[in-house]
Amino acid sequence: GISLDFVFNEFKQKAEAATKEKDPCFHELKGLVVGENAFGHGKRCPRDGAQHCALVDALPTAKRGKATHFVSWVWSYKLSVVLGALQDW
C-alpha cells in the first residue's frame with residue numbers, strides 16, 4: 001500500500017503541479033496513474049516483470065508497504081475531500 005506520508009505530501013504537491021489545479025479531482029489526476037506521465041510509466045513491475053508498473057510499485061520502499069486498508073475514491077471527489085477524510089480518520 002501507499003504510505004499516508006506520500007499521499008499527504010508528495011502526491012498532493014505532484015497532483016497540483018501536474019494538473020495546475022489547487023484541488024483536482026480524479027478525472028484530472030488520471031494522468032498521474034495511467035499513461036506517459038504516470039508514476040510507473042517506463043518502470044518494470046517488480047511483481048510480474050511487465051513494463052509500466054502500478055503507482056505503488058513505482059514508489060521507493062520507504063513510501064510503501066503492506067496494505068492494511070482499502071480506500072475507495074469516487075472519480076468526481078476533489079483531492080481535498082479524500083485528504084480530509086483520511087486526516088479525520
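Let's start with the walls of the largest pocket: sorted by class, its lining has 16 nonpolar, four polar and one charged residues. Keep in mind as you look around that this model is predicted. How do you find a space like that? Rolling a probe the size of a water molecule over the atoms shows where empty space is left. Here, the largest pocket holds about 770 Å³ of space. Its lining comes to 21 residues, and if you want to spot its centre, look for Ile2, Val7, His69, Phe70 and Val71, which lie nearest to that point.

Which helices help build the lining? Helix 1 (4-19), helix 2 (26-33), helix 3 (55-58) and helix 4 (79-88) each put in at least two residues. Helix 1 gives the most, with four residues.

Now stay with helix 1 and see how it meets helix 2. The two pack at an angle of about 105°, and their axes are 10 Å apart. Angles of 65 to 115 degrees count as roughly perpendicular, so helix 1 is roughly perpendicular to helix 2. On the helix 1 side, the contact is made by Phe11, Lys14, Ala15, Ala18 and Thr19, while helix 2 brings Glu28, Leu29 and Leu32. Sort these contact residues by class and you get five nonpolar, one polar and two charged.

Let's finish with charges. Side chains of opposite charge can pair when their charged atoms come close. The model has five salt bridges. One of them joins Asp5 and Lys63, whose closest N and O atoms are 3.9 Å apart. This pair links distant parts of the chain: Asp5 belongs to helix 1, Lys63 is in the loop between helix 3 and helix 4, and the two are 58 residues apart.

Terms used: Residues numbered from 1 in each chain as written. Predicted model: local features only at pLDDT ≥ 70, side-chain atom pairs only at ≥ 80, totals over all residues. Heavy atoms only, no water. 1 Å grid on protein atoms, 1.4 Å probe; cavity = no way out; pocket = protein on both sides within 12 Å on 5 of 7 lines; lining within 4 Å. Points joined across faces, edges and corners; volume = space filled by probe spheres on them. Nonpolar A, V, L, I, M, F, W, Y, C, P; charged D, E, K, R; others polar. Axes fitted to C-alpha atoms, helices over the stretch in contact; angles between N-to-C directions. Parallel < 35°, antiparallel > 145°, perpendicular 65-115°, else oblique. Contact = heavy atoms within 4.5 Å. Salt bridge = Lys/Arg side-chain N within 4 Å of Asp/Glu carboxyl O.
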